[in-house]
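Work through the exercises below with the sequence and the coordinates open. Each task is followed by its solution in steps.

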Amino acid sequence: MTAAAENTSAVRIPAQGAWWRWAVVLIPGALLYFFPLPGLNPAQARVFGVFVATVIALVAQPVRMGVSVLLAMTLLALTGTLSPARVLSGFANVTVWLIFTAFLFSRAVTQTGFGMRVGYLFIERFARTPLRLGYSMAAADLVLAPFIPSDTARGGGVVFPITRSVARAFGSEPGPSARLMGSFLVLVSFHTTYTASAMFLTGMASNPLIADFARNIGRVELTWLRWFTGSCVPGSLALLVVPWLLLRLVKPEIRDTGPARELARRELAHMGPLRRDERWLVAIMSGVMAGWVTSPLHGIPNTFVALTGVCALLLARVISWDDLLDERRAWDTLIWFAPIIMMSDVMTENGAIRVLSGHLFRLMAGWAWPAVLAAVVLSYCYVHYGFASMTAQVTALYPAFLGAALAGGVPPMTAALALAYFSNLNAAMTHYGTGSAPVFFGAGYVRQGEWWRIGFLISLVQAAIWLGIGSLWWSVAGLR
């Protein structure tokens, strides 16, 4: 079970032996609450203690994530640590509502069947060789990424069913026949899903949260267009290199991709021409995308461009009001993200983040800032071996690591972007590091040892592309 933002599993009932989950949450939180770290005053320590306990609860999950955050909100108010109005202020944050609307776009894309149509269309048109088949899967994911802010929903809910169907069309099943085509397709689909998430502000649920941290801590604005400008070159290069590398690491035994194209043709024929809801969806989402790209010209915040799109979807009856009410992931995220942003804002305002960042990476004093950037980003990336959720790591570590990079002299925009992208790319290494990983791994086409070995190699390639070529591109594009 992951701690991903999109977790929609049943409520956890603490069972026998679950006491340890509460212990690992409450003991560190209480110690930090009552015994401040050096440099923190009592007011800073109390908020920090509750924040740490909340983040640990997001990982250990003694109860559902929303329950943990509601408990934290209530504790902050009842103890007088913060005023009730300040505790609830996170719900007025525009970032929270951008995440909320993105989940509604995701529902529209999947509910209308448009996501599956896009995937099969790319396969039918372009999959002439195994490598081009891999690129077709990556391209379909890339097209959907701006509108489905969850690699679990996009990778696990749209791309994985297509991947599984295509593998079966080749007679490739888990076990002896996995190497026919299935192993290659599963690995390509997984490693391009989180890469596509890194490329868009709306590609992963916690990306807008990162933008909020960057604005409050680094004083830089990661708009939708600025985020994509920084990612388009290294991201495109990664989407070209990674499938090519996987073709050599896990070479499929079948070279004829005719069965995949035939499957895609059958599925598209069964779907028929674009339906009314799909046509409206394409028109509305094209308008939303145009609004995001041109936001520097018209000045309308990305959130309200997105809300305009949601209103249009409702008026055009692409989704109904009941669909909106039934979108549990959106409401769940709205409820637990807002207090997390509130606590982070409070710690930034009261100076706690500055104090904590001063303690972090103190040994790097005197280093050149490119060395500081590499050390901070690589540490941030590989600590993800200890996390079962990209969102949990962002919440726990992004503010402190960004503060450490800034203290080391890294330009604010460079530090914010690099850590933002690796908040997605760190999913490469394990079969539990993000919500989609257990879905792809659970298909049984790749053994765990091979998954970890290939994941580590891909993480090195991603680091070389994004910190090497990416850093040069950010300089050329004026993002420093």
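## Exercise 1: Cysteines

Task: How many disulfides does a search of the whole structure find?

Solution. A search of the whole structure returns zero disulfides. The model is a predicted one. For two of the cysteines, the relative accessibility can be turned into a class. Cys311 has 45%, so Cys311 counts as partly exposed. Cys381 has 2%, so Cys381 counts as buried.

## Exercise 2: The chain as a whole

Task: Describe the secondary structure, the dimensions and the contacts of the chain.

Solution.
1. Count the elements: the chain has 23 helices and zero strands.
2. Compare the radius of gyration with the globule rule. A compact globule of 480 residues would have a value near 23 Å, and the chain has 22 Å, which agrees.
3. Take the box along the principal axes: the C-alpha atoms fill roughly 65 × 55 × 50 Å.
4. Classify the residues by accessibility: 59% of the 480 residues count as buried.
5. Take the contacts between residues at least 6 apart in sequence: 80% of these join residues at least 24 apart.

## Exercise 3: Two helices

Task: Check the length of helix α13 against the expected span, then find which residues of α13 are buried and where they lie around the axis.

Solution.
1. Helix α13 covers residues 276-293, which is 18 residues. At 1.5 Å a residue the helix should span 26 Å, and its end C-alpha atoms are 26 Å apart, so the two values agree.
2. The buried residues of α13 are Glu278, Leu281, Ile284, Met285, Val288, Met289, Gly291 and Trp292.
3. These residues cover an arc of only 155 degrees around the axis, which puts them on the same side of α13.
4. The general rule is that an α-helix has 3.6 residues a turn, so residues three or four places apart point the same way.

Task: Repeat the check for helix α9, and state how many of its residues are buried.

Solution.
1. Helix α9 runs over residues 182-199 and has 18 residues. From its first C-alpha to its last it reaches 26 Å, close to the 26 Å expected at 1.5 Å a residue.
2. In α9, 18 of 18 residues are buried, so the helix is mostly covered.

## Exercise 4: Positive phi

Task: Arg219 and Arg317 are not glycines. What is the sign of phi at each, and where does each residue sit?

Solution.
1. Arg219 has a positive phi of about 60 degrees. Its place is the loop between α10 (207-218) and α11 (224-249). With a relative accessible area of 65%, Arg219 is exposed.
2. Arg317 has a positive phi of about 65 degrees. This residue is in the loop between α15 (302-315) and α16 (321-326). At 60% relative accessibility, Arg317 counts as exposed.

## Exercise 5: Aromatic pairs

Task: Count the aromatic pairs, then classify the pair of Tyr33 and Phe34 and the pair of Phe100 and Trp331.

Solution.
1. The structure holds 21 aromatic pairs.
2. The ring centres of Tyr33 and Phe34 are 4.9 Å apart and the planes meet at 70 degrees, so the pair is edge-to-face. Tyr33, at 17% relative accessibility, counts as buried, whereas Phe34, at 59%, counts as exposed.
3. The ring centres of Phe100 and Trp331 are 4.7 Å apart with planes at 65 degrees, so this pair is edge-to-face. The pair links distant parts of the chain: Phe100 is in helix α5 (residues 94-111) and Trp331 in helix α17 (residues 328-349), 231 residues apart.
4. Phe100 has 5% relative accessibility and counts as buried. Trp331 has a relative accessible area of 29% and is partly exposed.
5. Ring pairs link Phe160, Phe190, Tyr194, Phe440, Phe441 and Trp451 into a cluster.

## Exercise 6: The surroundings of Val158

Task: Is Val158 buried or exposed, and which residues does it touch beyond four places away in sequence?

Solution.
1. Val158 is found in helix α8 (residues 151-169).
2. The relative accessible area of Val158 is 3%, so Val158 is buried.
3. Leaving out residues up to four places away in sequence, Val158 touches Thr110, Gly115, Met116, Leu144, Ile148 and Ala153.
4. Thr110 is 48 residues from Val158 along the chain, and the C-alpha atoms of the two are separated by 7.3 Å.

Definitions and conventions. Residues are numbered from 1 along each chain as its sequence is written. This is a predicted model: local features need pLDDT of at least 70, side-chain atom pairs count only at pLDDT 80 or more; totals for chains, interfaces and linings use all residues. Side-chain values use heavy atoms; hydrogens and water are left out. Helices (H or I, at least four residues) and strands (E, at least two) are DSSP runs, numbered from the N terminus. The expected span of a helix is 1.5 Å times one less than its number of residues. Buried means under 20% relative accessible area, exposed over 50%, partly exposed in between (1.4 Å probe, protein chains only). The arc is that of the directions from the helix axis to the C-beta atoms. Rings of Phe, Tyr and Trp (its six-membered ring) pair if their centres lie within 6.5 Å; planes under 30 degrees apart count as stacked, over 60 as edge-to-face and the rest as tilted. A disulfide is a pair of cysteine sulfur atoms within 2.5 Å. The radius of gyration is taken over C-alpha atoms; the globule rule is 2.2 Å times the number of residues to the power 0.38. Contact means heavy atoms within 4.5 Å.
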